[in-house]
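Me: I'm new to this one and don't want the full tour yet. Please pick a single part, go through it closely, and then tell me what sits around it.

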Amino acid sequence: MADVIQERAGVQVLLCDPAGPSIATTEDALDLIGAAFLGAEMVAVPASRLDEHFFSLGSRFAGEVMQKFVTYRLRLAVVGDISRHLAGSSALRALVHESNQADHIWFVPDLDALDARLRAVA
């Protein structure tokens, strides 16, 4: 499956293909943002597509990517199991918790959870 824009709970979401290229640079994130400008309000990225250094907050990569989405007024959902990353980092756990309290960046375990979040804020 290629990346596709799909309506989910009334929101146009760019669903990223799990088999797509790794997101390892801010330029990769900007490519997704550009693709979202074709009509999406949110980008749903499988956690497996994010380079490992996204989950290592010391690299500052997660912050750079998240800031790009906020700057371009697009919401980002990281979809998938990140429990192994959370287990090793209290800072990452705090970031995920804080992000999930807001509207722009969410970490969800699967697309069903994303749909539930979207319905809850509609």
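Reply:
**A close look at strand 4 and its surroundings**

Let's start with one pair of residues: alanine 44 stands opposite alanine 77, and alanine 77 belongs to strand 4. Keep in mind as you look that this is a predicted model.

That pair is a good way into strand 4, which covers residues 75-79. Strand 3 and strand 4 run parallel, and five bridges join them. How much of strand 4 is buried? Five of its five residues are, so to speak, tucked away: the strand is mostly covered. Its side chains split between two directions, with Arg75, Ala77 and Val79 pointing one way, while Leu76 and Val78 point the other way. Whichever way they point, all of these residues are buried, Arg75 included.

Now step across to strand 3, residues 42-46. Besides its link to strand 4, strand 3 is joined by three bridges to strand 2, residues 11-15, and those two strands run parallel as well. One pairing to find there is valine 13 with methionine 42, its bridge partner in strand 3.

Zoom out and you'll see that these strands belong to an open sheet of five, in the order 1-2-3-4-5, with mixed pairing. At the edges are strand 1 (4-8) and strand 5 (105-108), each of which pairs on one side only. From one strand to the next, the twist averages 25°.

The helices are worth a look too. Helix 1 (residues 26-36) packs with helix 2 (residues 61-71) at an angle of about 25°, and their axes are 10 Å apart. Anything under 35 degrees counts as roughly parallel, so that is how helix 1 and helix 2 lie to each other. Their crossing is right-handed. On the helix 1 side, the residues that meet helix 2 are Thr26, Ala29, Leu30 and Ile33; on the helix 2 side they are Phe61, Glu64, Val65, Lys68 and Phe69. Sorted by class, this contact has six nonpolar residues, one polar and two charged.

One last stop is serine 99, in helix 4 (residues 90-101). Is serine 99 buried or exposed? Its relative accessible area is 8%, and under 20% counts as buried, so serine 99 is buried. Setting aside neighbours within four places in sequence, serine 99 is in contact with Met66, Ile105, Trp106 and Phe107. You've come across the stretches holding those contacts already: helix 2 spans residues 61-71, and strand 5 spans 105-108.

How values were computed
Residues numbered from 1 in each chain as written. Predicted model: local features only at pLDDT ≥ 70, side-chain atom pairs only at ≥ 80, totals over all residues. Heavy atoms only, no water. Axes fitted to C-alpha atoms, helices over the stretch in contact; angles between N-to-C directions. Helix = DSSP H or I, 4+ residues; strand = E, 2+ residues; numbered from the N terminus. Parallel < 35°, antiparallel > 145°, perpendicular 65-115°, else oblique. Left-handed = near helix turned anticlockwise from the far one by under 90°. Contact = heavy atoms within 4.5 Å. Nonpolar A, V, L, I, M, F, W, Y, C, P; charged D, E, K, R; others polar. Pairing = 2+ DSSP bridges. Buried < 20%, exposed > 50% of the residue type's maximum accessible area, 1.4 Å probe, protein only.
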